[in-house]
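Me: Hey, I've got a structure open and could use some help reading it. Can I throw some quick questions at you?

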Amino acid sequence: MQIINGAEGVIVGGTTGEGHLMSWDEHIMLIGHTVNCFGSSIKVIGNTGSNSTREAIHASEQGFAVGMHAALHINPYYGKTSLAGLVSHFDSVLSMGPTIIYNVPSRTGQDIPPSVIHSVARHANLAGVKECVGNDRVQHYTDKGIVVWSGNDDQCHDARWGHGANGVISVTSNLIPGLMHELMFRGKNSALNSKIMPLIDWLFEEPNPIGLNTALAQLGVVRPVFRLPYIPLPRPKRVEFVNMVRKIGRENFVGEGDVRVLDDDEFILVARY
């Protein structure tokens, strides 16, 4: 449904795709599989970022070798570096091929300030920035001629139509790709934005991808299997989702079966995978 509804690219192995729970072999295999199945119809962006520059370079080499169109790179997390170190890190991975830099301080613990982006913006392989700090930062990059996508679904409508973002790299699109495409490409639509905002809020009440994985299971799109440390949302939240699907319209969601609440014992939690 992503391709049918006009998504321009798909991120493989990002936070939403639980790349951090995969081995690098699994990660690269999934990127290659996606390219082989869908690469002629949609851009495949592999999340090959790491807090180790060595790992990020090696993973990116492998990702481009199996055909990904671009890489997604975060800044080194936990073992944070200096601003000059960030520039050196990104310069190193940019040499591998087209790259989107991903700024999400809530996960990495460190903001990538504009000064770092300006330092690497001259590189021909910088495809753009996925920015989660907010729309003032989006506007800053737009004013400087730097391609930027919103990384916040709840801000993406205003980012697109009020601050010049190219679009959004979205979690919610995994559920309602057609409506998200409409929100990004068919003009300002505050009514639609308001209509889907309760769903977006629901998705992010717990850290992503908990809400999304619960929703996809309820829609019958994926098996109700959770790899720890993720666990499904509790039953009252699952009931809320069923009601939201009915209000927004089942036809706007991925999958074809009826949306279900699911009983607690229908979920499987896996600790060793």
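Me: Let's start with D265: is D265 buried or exposed?

Reply: D265 is exposed, with a relative accessible area of 70%. Just keep in mind that we're looking at a predicted model.

Me: Cool. Where in the chain does D265 sit?

Reply: D265 is in the loop between α11 and β9, and β9 covers residues 268–270.

Me: And how many Å separate the C-alpha atoms of D265 and S150?

Reply: They're separated by 37 Å, and along the chain the two residues are 115 positions apart.

Me: Okay, zooming out. How many helices and strands are there in the protein chain?

Reply: There are 11 helices and nine strands. The radius of gyration is 18 Å, close to the 19 Å that the globule rule gives for 273 residues, so the chain is as compact as a globular protein of that length.

Me: What box do the C-alpha atoms fill?

Reply: Roughly 50 × 45 × 35 Å, taken along the principal axes.

Me: What percentage of the residues count as buried?

Reply: 48% of the 273 residues do. As for the outside, the chain exposes about 12800 Å², and carbon and sulfur atoms supply 51% of that.

Me: What about contacts between residues 24 or more positions apart?

Reply: Take the contacts with a separation of 6 or more: residues 24 or more positions apart account for 64% of them.

Me: And charges? How many positive and negative side chains are there?

Reply: 22 positive and 26 negative, and the centres of the two sets lie 1 Å apart.

Me: Let's look at a helix. Which residues of α8 are buried?

Reply: In α8, which runs over residues 177–185, the buried ones are P177, L179, M180, L183 and M184. They cover an arc of only 165 degrees around the axis, which puts them on the same side of α8.

Me: What covers those buried residues of α8?

Reply: The cover includes α7 (156–162), β7 (167–168), α9 (190–203) and α11 (235–248). Just after α8 comes G187, with a positive phi of about 95 degrees.

Me: Does anything from elsewhere in the sequence touch α8? Which residues does N5 touch, say?

Reply: Leaving out residues up to four places away in sequence, N5 touches P177, G178 and H181. N5 itself is in the segment before β1. N5 and H181 are 176 residues apart in sequence, yet their C-alpha atoms are 6.9 Å apart in space.

Me: How accessible is N5, then?

Reply: N5 counts as partly exposed, at 24% relative accessibility. The cut-off for buried is under 20%, and exposed means over 50%, so a value in between gets the label partly exposed.

Me: New topic: α10. How many of the residues of α10 are buried?

Reply: Nine of the nine, so α10 is largely enclosed by the rest of the structure. Among them are I210, L212, N213 and Q218.

Me: And what covers the buried residues of α10?

Reply: The cover includes α9, β8 and α11. Then, just after α10, G220 takes a positive phi of about 80 degrees.

Me: Any odd backbone spots? What's up with the peptide bond from N208 to P209?

Reply: That one is cis, with omega near 15 degrees. P209 lies in the loop between α9 and α10, and α10 spans 210–218. A cis peptide bond also joins L228 and P229, with omega about 20 degrees. You'll find P229 in the loop between β8 (225–227) and α11.

Me: Back to phi. What is phi of E18 near?

Reply: Phi of E18 is near 55 degrees, a positive value in a residue other than glycine. E18 is in the loop between β1 (9–12) and α1 (24–38). E18 is also buried, with a relative accessible area of 9%.

Me: What about Y78, what is its phi near?

Reply: Near 60 degrees, and again Y78 is a residue other than glycine with a positive value. Y78 sits in the loop between β3 (70–74) and α3 (83–94).

Me: Is Y78 buried or exposed?

Reply: Y78 is exposed, with a relative accessible area of 80%, whereas E18 is buried.

How values were computed. Residues numbered from 1 in each chain as written. Heavy atoms only, no water. Helix = DSSP H or I, 4+ residues; strand = E, 2+ residues; numbered from the N terminus. Rg over C-alpha atoms; globule rule 2.2 N^0.38 Å. Buried < 20%, exposed > 50% of the residue type's maximum accessible area, 1.4 Å probe, protein only. Contact = heavy atoms within 4.5 Å. Areas by Shrake-Rupley, 256 points an atom, 1.4 Å probe, with all protein chains shown as cover. Lys, Arg positive; Asp, Glu negative; His and termini not counted. Charge placed at Lys NZ, Arg CZ, Asp CG, Glu CD. Arc of directions from axis to C-beta.
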